[in-house]
Amino acid sequence: MIKNKVVVITGASSGIGEATAKLLTSKGAKVVLGARREDKLKQIAGAIEKDGGQAVYRELDVTKPSDNEAIVGLANGTFGRVDVIFLNAGIMPNSPLSALKTDDWHQTVDVNIGGILNGVAAALPTFIKQKSGHVIATSSVAGLKAYPGGAVYGGTKWFVRDFMEVLRMESAMEGTNIRTATIYPAAINTELLGMIRHKDTADLMQKVYDRYGISPDRIANVVAFAIDQPEDTTINEFTVGPANQPW
């Protein structure tokens, strides 16, 4: 059941995070929104509340452990518990390795891997204490198959796959009842392409998205489906893309 569940969402200021927040609150969930753009979070929370939903927010840099701890604390302090954390923040500044955009490489690792580690570290004490909880993470089809130009981005998304599977296994072994779900979106029309500073890569990716891109609402529906499953059920992996996708 989604109704009355408390859901923390990272990367909530646009795209998949925003769409998921709006869908879940329409179904009765209470959301706690985090992202770097506090002005956008304020607008989204205001729209949710105007429609009768419940939302709070705070600025969040997922690379900072203290920020992750603070947003979980906000959820506990406001709503008394945390049922789900949706680790959705990510960046995709793709380029060929030969372009040596090493600053982009390190930032991608910090956000896409560090953000997962910090989010889980912040939520686990609450989930272990409750003996319940649900960790949902956004990976990518690039976490299932290698693509030229996406070596570092894809590597971070392969990490997400392994990390989430081990989290599921250890939870089962330890009896903490923590569920997991990993989502592998294909081309989703979000702001990710705007982060690509290598022109040839950006142009190529734009053509792919123009042909195959789908709405973030499709991913929001998958998140809602995962949360809505019975508490004793884990559906661990979802690959989501257009029916005619070539990958």
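Me: So helices (H or I, at least four residues) and strands (E, at least two) are DSSP runs, numbered from the N terminus. With that in hand, where does Asn4 lie?

Reply: Asn4 sits in the segment before S1. Keep in mind as we go that this is a predicted model.

Me: Okay! And what is the phi of Asn4?

Reply: Phi of Asn4 is positive, about 75°, although Asn4 is not a glycine. For background, most residues other than glycine have a negative phi.

Me: Is Asn4 buried, exposed or partly exposed, and why?

Reply: Asn4 has a relative accessible area of 44%. Buried means under 20% and exposed means over 50%, so Asn4 counts as partly exposed.

Me: What about Lys131, what is its phi?

Reply: Lys131 is not a glycine either, and its phi is positive, near 60°. You'll find Lys131 in the loop between helix H5 (114-130) and strand S5 (133-138). Lys131 is partly exposed, because its relative accessible area is 46%.

Me: Let's switch to strands. How many residues of S2 are buried?

Reply: Strand S2 covers residues 30-35, and 6 of its 6 residues are buried.

Me: Which residues are on each side of S2?

Reply: Lys30, Val32 and Gly34 are on one side, while Val31, Leu33 and Ala35 are on the other. Both faces are covered. That two-sided pattern is a general one: in a regular strand the side chains alternate between the two faces of the sheet.

Me: Which way do S1 and S2 pair, in the parallel or antiparallel sense?

Reply: Strand S1 (residues 6-10) pairs with S2 in the parallel sense, over 5 bridges. The chain gets from S1 to S2 through helix H1 (residues 15-26), and this β-α-β crossover is right-handed.

Me: And how many bridges join S2 to S3?

Reply: S2 and strand S3 (residues 54-59) run parallel and are joined by 6 bridges. This time the chain crosses through helix H2 (residues 38-50), again as a right-handed β-α-β crossover.

Me: Can I pick a residue to look at? What does Val32 stand opposite in S3?

Reply: Val32 stands opposite Val56. Val32 is also the bridge partner of Val8. One more pair to click on is Leu33, whose bridge partner in S3 is Tyr57.

Me: Back to S1 for a second. Is Thr10 buried or exposed?

Reply: Thr10 lies in strand S1, and its relative accessible area is 3%. The cut-off for buried is under 20%, so Thr10 is buried.

Me: Which residue has its backbone nitrogen 2.9 Å from the side chain of Thr10?

Reply: That's Asn88: its backbone nitrogen lies 2.9 Å from a polar atom of the Thr10 side chain.

Me: What does the side chain of Ser139 reach?

Reply: The Ser139 side chain reaches the backbone oxygen of Lys157, at 3.0 Å. Ser139 is in the loop between S5 and H6. Its relative accessibility is 2%, so Ser139 counts as buried.

Me: New topic: pockets. How much space lies in the largest pocket?

Reply: About 1,000 Å³. It is lined by 49 residues, and the closest to its centre are Ile91, Met92, Tyr153, Leu192 and Tyr209.

Me: Which elements give two or more residues to the lining?

Reply: They are H1, S2, helix H6 (151-174) and helix H7 (199-212). H7 gives the most, with 6 residues.

Me: Since H7 came up, is Lys199 buried or exposed?

Reply: Lys199 is found in H7 and counts as exposed, because its relative accessibility is 57%. Its side chain makes a polar contact of 2.7 Å with the side chain of Asp203. Lys199 and Ser95 are 104 residues apart in sequence, with their C-alpha atoms 8.7 Å apart in space.

Me: Last helix: what should the 12 residues of H8 span, and how far apart are its end C-alpha atoms?

Reply: Helix H8 (residues 216-227) should span 16 Å at 1.5 Å a residue. Its end C-alpha atoms are 17 Å apart, which agrees.

Me: And what caps the N-terminal end of H8?

Reply: Ser215 does, with a side-chain oxygen 3.0 Å from the backbone nitrogen of Asp217. Further along, the buried residues of H8 include Ile219, Val222, Val223 and Ile227.

Key. Residues are numbered from 1 along each chain as its sequence is written. This is a predicted model: local features need pLDDT of at least 70, side-chain atom pairs count only at pLDDT 80 or more; totals for chains, interfaces and linings use all residues. Side-chain values use heavy atoms; hydrogens and water are left out. Buried means under 20% relative accessible area, exposed over 50%, partly exposed in between (1.4 Å probe, protein chains only). Two strands pair if DSSP finds at least two bridges between them. A crossover is right-handed if, with the strands pointing away from the viewer, the path from the first strand over the helix to the second runs clockwise. The expected span of a helix is 1.5 Å times one less than its number of residues. A polar contact is a pair of N or O atoms within 3.5 Å; within protein, one must be able to donate a hydrogen and the other to accept it, and residues adjacent in sequence count only if both atoms are side-chain atoms. On a 1 Å grid over the protein atoms alone, a cavity is a set of points where a 1.4 Å probe fits but cannot get out, and a pocket is an open set with protein on both sides within 12 Å along at least five of seven lines; lining residues have an atom within 4 Å of a point. Grid points are joined across faces, edges and corners, and a volume is the space filled by probe spheres set on the points.
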